[in-house]
Amino acid sequence: MKDKGINLLKSYKDFDCEIVTDLSRENLLLKLPEFDGITLRRGKIDREILSKCDKLKVIARHGVGYDSVDTKCLKEKGITLLVAHNSTSTSPAEHIMFMIMNIYKGVSMFDTMVRNGDFVKAIHLNIEQNFELFDKTVLIAGFGRIGKKLIKKCLGFDMKVLVFDPYVDDVTIASFGGVKITTLEEGLKKADILSLSLPLNNETKNFITLKEMKLMKKSSIIINAARGGVINEDDLIDALNDKKILGAGLDVIDIESSSFNNIKKEINSYFNELKNLKNVIITPHIAGWTFESNVKLSQIIIDKIETYFK
Ligand SMILES: NC(=O)c1ccc[n+]([C@@H]2O[C@H](COP(=O)([O-])OP(=O)(O)OC[C@H]3O[C@@H](n4cnc5c(N)ncnc54)[C@H](O)[C@@H]3O)[C@@H](O)[C@H]2O)c1
């Protein structure tokens, strides 16, 4: 939790609170058994940690996704999970648009070139890889809070929007100005841009593999601001190297699994391969983070904790 939220939490005289910044497993095993409640922003809470937390009554996820917590174990132990629904959909949707525009207009690439003094190289660059958003087709996979915010922004840029979400009906999607796609394959073949806004679970792990990417246009891009495991990243590297797709914008990657703090040395060679690809932009799992979203998120989560303990 950021300062604003921490100060808010401290202002509640009924709570004693402590900030745990060392998110190593060893430290979590040592520290977390002391608490009745945990607000969890970064870090993973697994079965072994939970087995030591006999006092724990509630975990409040400082966000929307909760794949960083062993929910099966929470259920078994009768520990309540609170999440901050309705808090972070504006910021991720704006971040997805930013990533699309960055790739389409080569912003990061040109910025680097100008900083390096490569003006001439930059203006003589082949611009066949710079595109307009106008009339492009976006496929939104996962039409929840983020998907519903994103569609408005896409339509504002005169783009066409297809939606793949088996749990949302065509009338609802049409009421937002989108077209429901019943098979993912159909959407992938038509899309210029695929944006993923679905949860990571057993059903969606490896939702996009090389097989799916081979169906896409060679000029297409993928934006993943959901969770790393939703795309098979070995396959993504292959698809990008083999020019099966044009580019990718990643706010999340599998190895950070809910926080870039978790990138370990031994898997850095994989990360290096990803980051050396010119047609990829990567941000450190901050799609949901803005000044505004952090204040809102903190308030929501603290209100929920207060209500829980009342
Ligand atoms: N990068 C970030 O900072 C950040 C911030 C917020 C959320 N997220 C991630 O984005 C995800 C989506 O967020 P949200 O607030 O829109 O969630 P949400 O729960 O409102 O919406 C998720 C949607 O995905 C759909 N879905 C589930 N399984 C699907 C499948 N197999 N195929 C297609 N659609 C499927 C659901 O029907 C639902 O409409 C979260 O689960 C979280 O992991 C990331």
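This is a short tour of a predicted model, going from the whole chain to its domains, one helix and the ligand site.

**Stop 1: the whole protein**

Start with everything shown as a cartoon. You should be able to pick out 14 helices and 10 strands. The radius of gyration is 21 Å, close to the 19 Å from the globule rule for 310 residues, so the protein is as compact as a globular protein of that length. Turn the model along its principal axes, and the C-alpha atoms fill a box of roughly 60 × 50 × 35 Å.

Now colour by burial: 36% of the 310 residues count as buried. If you draw the contacts with a separation of 6 or more, 64% of them join residues 24 or more positions apart.

**Stop 2: the two domains**

Next, give each domain its own colour. Select 3–87 together with 290–309 for domain 1, then 90–282 for domain 2. How far apart do the C-alpha centres of domain 1 and domain 2 lie? The distance between these centres is 30 Å.

Zoom in on where the domains meet. Here 10 residues of domain 1 are in contact with nine residues of domain 2. On the domain 1 side, the touching residues divide into six polar, three charged and one nonpolar.

**Stop 3: helix H5**

Select residues 90–105, which form helix H5. From first C-alpha to last, its 16 residues reach 22 Å, close to the 22 Å expected at 1.5 Å a residue.

Show the side chains next. Which residues of H5 are buried? They are Ser91, Pro92, Ala93, His95, Ile96, Met99, Ile100 and Ile103. As you look along the helix, keep in mind that an α-helix has 3.6 residues a turn, so residues three or four places apart point the same way.

To see what covers the buried residues of H5, add its neighbours to the view. Among the strands, select E7 (193–196), E8 (221–224), E9 (247–250) and E10 (280–282). The cover also includes helices H8 (145–156) and H14 (291–309).

Before leaving, step just past the end of H5 to glycine 106, whose phi is positive, near 60°.

**Stop 4: the ligand**

Finally, centre the view on the ligand and display its shell of 31 surrounding residues. Label the closest ones: Gly65, Gly142, Gly144, Tyr167 and Gly288. Colouring the shell by class gives 16 nonpolar, 10 polar and five charged residues.

Which helix gives the largest share of this shell? That is H8, with three residues. You have already met H8 at the previous stop, as part of what covers the buried residues of H5.

Technical notes. Residues are numbered from 1 along each chain as its sequence is written. This is a predicted model: local features need pLDDT of at least 70, side-chain atom pairs count only at pLDDT 80 or more; totals for chains, interfaces and linings use all residues. Helices (H or I, at least four residues) and strands (E, at least two) are DSSP runs, numbered from the N terminus. The radius of gyration is taken over C-alpha atoms; the globule rule is 2.2 Å times the number of residues to the power 0.38. A residue is buried if 20 or more other C-beta atoms lie within 10 Å of its own, exposed if 12 or fewer, and partly exposed in between; C-beta atoms are placed from the backbone. Two residues are in contact if their C-beta atoms, placed from the backbone, lie within 7 Å. The expected span of a helix is 1.5 Å times one less than its number of residues. Domain bounds come from an automatic or database domain assignment. Ala, Val, Leu, Ile, Met, Phe, Trp, Tyr, Cys and Pro count as nonpolar, Asp, Glu, Lys and Arg as charged, and the others, Gly among them, as polar. A residue is near a molecule or strand if its C-beta atom, placed from the backbone, lies within 6 Å of it.
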